[in-house]
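This report describes one protein chain, from its overall make-up to selected side-chain pairs and loops. The sequence and the coordinates are shown first.

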Amino acid sequence: MGHFSMKTPGHFSVAINRLARMRRTPRIAAVLDQFVREVAFDEARQSWHPKAALVRIRSADDIVTWRLWIGSRNLSECVNRDIGLLLVSGGTGARAIPGIADLARSLAEHADLKGLRPASLIREIGKLQWRAPTGVTVEQIRWHPGGSAEQAPGPRDTADEITIVSPFVDKTFLSRQLSAGRKTARRVLLTTMREIERVGPALGAFDELLALDAPEYPAGDPPSEESSAAEQTADRDEEEEIGRGLHAKLLFWRDGRKRTMWLGSANATMRAWTGRNAEVVAELQITEPVERGLRALIGSARLASASSIERLADDLELEEEALERARAQVAARWAATLELSDNGVALDHRSDIHPDGPHPEEADIALEVGTLHGSLLAWPRGINRLMLGHVLPAERSEFVRLRVSRGSLGLAWLQRAPADPPFGEDRDRAAFVRFLGARGFLLWLAGLLADDGRDGEGDWTVEQRDERATAKSDVALDPGLPTLEEMMAAWARSPARFHEIERRVSQYLPAIMEHADQEDPDMADLLKRFGGLWATLRAGLGKDQKSRR
């Protein structure tokens, strides 16, 4: 998954069928649809697989820096053994790094940020120099946009050690790595037991064969959100256990005192390294202390032996592969939009190539669809318009739930269906109001006025609406809520910032008051008194500012 940000909120580029629903999806997640850009890759042929983040940061004193993260980590709840690289623009020791501009251009084009031309970004990125971590020299950033012909790197014929770390491997890629280097070079492979058993005798060429657990991935068919409180508590208790799976991807060659490492998103497969997939990888020269970090990872693995035969997939694995193919087929055929009417939300699929819908080829694989927080509905073949039911304004989203299933097995994911017309700011405002509640809004405003970072606190993944909405508090008594002194102090510090806060309040206060009228009459009365105080303050400060001109 790629990520890009500049001046405006960031956007995420994901493969069209690789957006997973969280185990407990917060209602506010509906608004995240506007930050996702789907990359239309047909996974039967190629995958959108890069993991990168390019972020522009402006400090309080107006200093601009850039951060570039490259690695193997997905943007998901699951935590595995991963590896990555952070580069920071400017500073002592910074140097130009080939390949970053190509990566930036592609991410900007996929992100499609309003008001940002990729050419302008490239001009800015092209002038930057970058600092790497201590002990690391970055030779280049290798960006594969997908669908091109690339040459996989190989060790020098004088290499005396070749180490490969990857949760997925294929025989062709491994054999090409092993065919280089000295015959006496030490050859090490760290992967998973499933891959060791699948590949079989070909792995006997390694001097050391090591295994770690398979990586954790988001549940392909997560349980419903109606799970019991006990189950949710158990999930939280088990979160600390996640993180043992191998997800790092790297190549390491030692040639005398020269240590070369490739790390990034590419698995040890031909599909990853020869340009078929979209991938991003960094070529590094590292020092001996950095190599010791690699040794620590390898030292945590257990010894394994190559199987005498290649293991054939069992019935369960074959069925899982069939569902993966079905998911890829549905995603590749997807051409749906959402329409909002008095009767609710309708999903409308219009495609000249697939006029009967995006259903998978195998007729006995069922397809279901639903809104982000709604129930799944069977989608009959030959039907291209389906009513999904009524959705509250705060929960409307272009994210659509999809599920393919056969028998007891299923595979679920999220996909975007653009709304026509777009949901717009009214949806965002309703979601924000519902999430914060009346008291939460006042706390948020107090943080803005204090300018101490309190407006950024809180975990958006945790539902707190009911607690916030029912909490009773008086503006004059609760130190966390805005006071007249704080309002005046905010204006005195920065009239320009105060007017920006004023703009936000004018946007949200009417909706917050309407929400409070329905949820909490006592809080509604409090908000009305606050609204009167705010209006008086605005009028007074406005007149005072005019008199100073």
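Helices and strands are taken here as DSSP runs, at least four residues long for helices (H or I) and at least two for strands (E), numbered from the N terminus. In these terms, helix H8 spans residues 315-333 and contains Asp315. The model is predicted.

## Overall composition

The protein comprises 13 helices and 22 strands. Of its 549 residues, 48% are buried. The exposed area of the protein is about 26800 Å², of which carbon and sulfur atoms contribute 51%.

Contacts that reach far along the sequence are well represented. Among contacts between residues at least 6 apart in sequence, 73% connect residues at least 24 apart.

## Salt bridges between distant segments

The count of salt bridges in the protein comes to 35. One of them pairs Glu161 with Arg295, with an N to O distance of 2.7 Å. This pair links distant parts of the chain, since Glu161 belongs to strand S9 (residues 161-165) and Arg295 to helix H7 (residues 288-299), 134 residues apart. The two partners fall into separate accessibility classes: Glu161 is buried because its relative accessible area is 3%, under the 20% limit, whereas Arg295, at 30%, counts as partly exposed. Both residues also belong to a network of salt bridges that links Asp160, Glu161, Arg254, Arg259, Glu291 and Arg295.

A second salt bridge joins Arg194 and Glu317, whose closest N and O atoms are 3.3 Å apart. Here helix H4 (residues 193-199), which holds Arg194, is linked to helix H8, which holds Glu317, and the two residues are 123 positions apart in the chain. Arg194 has a relative accessible area of 45% and is therefore partly exposed; Glu317, at 11%, is counted as buried. A third salt bridge connects the side chains of Arg416 and Glu398 at 2.6 Å, N to O. Arg416 lies in strand S22 (residues 409-416) and Glu398 in the loop between strand S20 (385-389) and strand S21 (399-406), with 18 residues separating them along the chain. Both Arg416 and Glu398 are buried.

## Negative patch and helix H8

A patch of negative charge on the surface is formed by Asp314, Asp315, Glu320 and Glu321. Asp315, which lies in helix H8, has a relative accessibility of 68% and so counts as exposed. Glu317 lies in helix H8 as well, but its relative accessibility of 11% classes it as buried.

## Loop contacts

Ala306 is found in the loop between strand S15 (302-303) and helix H8. At 33% relative accessibility, Ala306 is classed as partly exposed. The C-alpha atom of Ala306 is 5.7 Å from that of Pro201, although 105 residues separate the two along the chain. Beyond residues up to four places away in sequence, Ala306 makes contact with Ile196, Gly200, Leu203, Gly204 and Leu209.

Pro98 occupies the loop between strand S6 (84-89) and helix H1 (100-111). Its relative accessible area is 48%, so Pro98 is partly exposed rather than exposed, the latter class requiring over 50%. The C-alpha atoms of Pro98 and Val138 are separated by 8.9 Å, with these positions 40 residues apart in sequence terms. Leaving aside residues up to four places away in sequence, Pro98 touches Glu139, Gln140 and Ile141.

## Backbone geometry

Which bond joins Asp420 and Pro421? The two residues are connected by a cis peptide bond, with omega about 0°. Pro421 is located in the loop between strand S22 and helix H9 (424-450). Strand S22 also contains Arg416, the salt-bridge partner of Glu398.

Asp62 shows a positive phi of about 70°, although it is not a glycine. Asp62 sits in the loop between strand S4 (52-58) and strand S5 (64-71).

Notes
Residues numbered from 1 in each chain as written. Predicted model: local features only at pLDDT ≥ 70, side-chain atom pairs only at ≥ 80, totals over all residues. Heavy atoms only, no water. Patch = residues over 30% accessible without salt bridge, like charges linked within 9 Å, V, L, I, M, F, W, Y side chains within 5 Å. Areas by Shrake-Rupley, 256 points an atom, 1.4 Å probe, with all protein chains shown as cover. Salt bridge = Lys/Arg side-chain N within 4 Å of Asp/Glu carboxyl O. Lys, Arg positive; Asp, Glu negative; His and termini not counted. Charge placed at Lys NZ, Arg CZ, Asp CG, Glu CD. Buried < 20%, exposed > 50% of the residue type's maximum accessible area, 1.4 Å probe, protein only. Contact = heavy atoms within 4.5 Å.
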